[in-house]
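Visitor: Could you take me through one part of this model in detail, and set that part in the context of the whole chain?

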Amino acid sequence: MARSASLLFACAVAAVAALTLGSAVLSFVGGASPASTGLRAGQRAPAVDMHFFGGPPVTTTPPPPAGFSLGDVGGNNYVISITILFFGSVLANANGFFGPW
């Protein structure tokens, strides 16, 4: 039994090492080699279009309304309810509701 567990552990370590090495090879930023140029064939050069002076105006979505919406519940009722929930959870945990782990 110990031999199969050690074999399983060795296979897991080898698999993690192979994945790490493969990731390192693909993410290495080095000179362009023939193998890595095939990976970048479909990409285009980035373009920067800012229109800083005289370009069309930038349209953005309006920001959300200020504040925090609780729906039909008032702010004081929310705070009191959450406080009661907190102390109820502490009491339940002290009595072993969540288990002795």
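Guide: What follows is a close look at the nonpolar surface patch and its surroundings.

This is a predicted model, in which local features need pLDDT of at least 70 and side-chain atom pairs count only at pLDDT 80 or more, while totals for chains, interfaces and linings use all residues. Residues are numbered from 1 along each chain as its sequence is written, and side-chain values use heavy atoms, with hydrogens and water left out.

The protein chain has three helices and zero strands, helices being DSSP runs of H or I with at least four residues and strands runs of E with at least two, numbered from the N terminus. Its pLDDT, the predictor's confidence in each residue from 0 to 100, averages 75, and 62% of the residues score at least 70. Confidence is lowest in H2, at a mean of 54, and highest in H3, at 91; where pLDDT is low, the predicted coordinates should not be read in detail.

The patch consists of Val73, Tyr78, Val79, Ile82 and Leu85, which together have about 440 Å² of accessible area (Shrake-Rupley method, 1.4 Å probe, with only the protein chains shown counting as cover for residues). Patches take residues with over 30% relative accessible area and no salt bridge, joining nonpolar side chains (Val, Leu, Ile, Met, Phe, Trp, Tyr) within 5 Å and like charges within 9 Å; a salt bridge is a side-chain nitrogen of Lys or Arg within 4 Å of a carboxyl oxygen of Asp or Glu. Val73 lies in the loop between helix H2 (34-37) and helix H3 (75-94), and is partly exposed at a relative accessible area of 43%, where buried means under 20%, exposed over 50% and partly exposed in between.

UniProt, in an unreviewed entry, places a "transmembrane region" at residues 78-98, although such annotations may be inferred rather than shown by experiment. Over residues 78-98 the chain is 81% helix and 0% strand, with the end C-alpha atoms 25 Å apart.

Key: Buried < 20%, exposed > 50% of the residue type's maximum accessible area, 1.4 Å probe, protein only.
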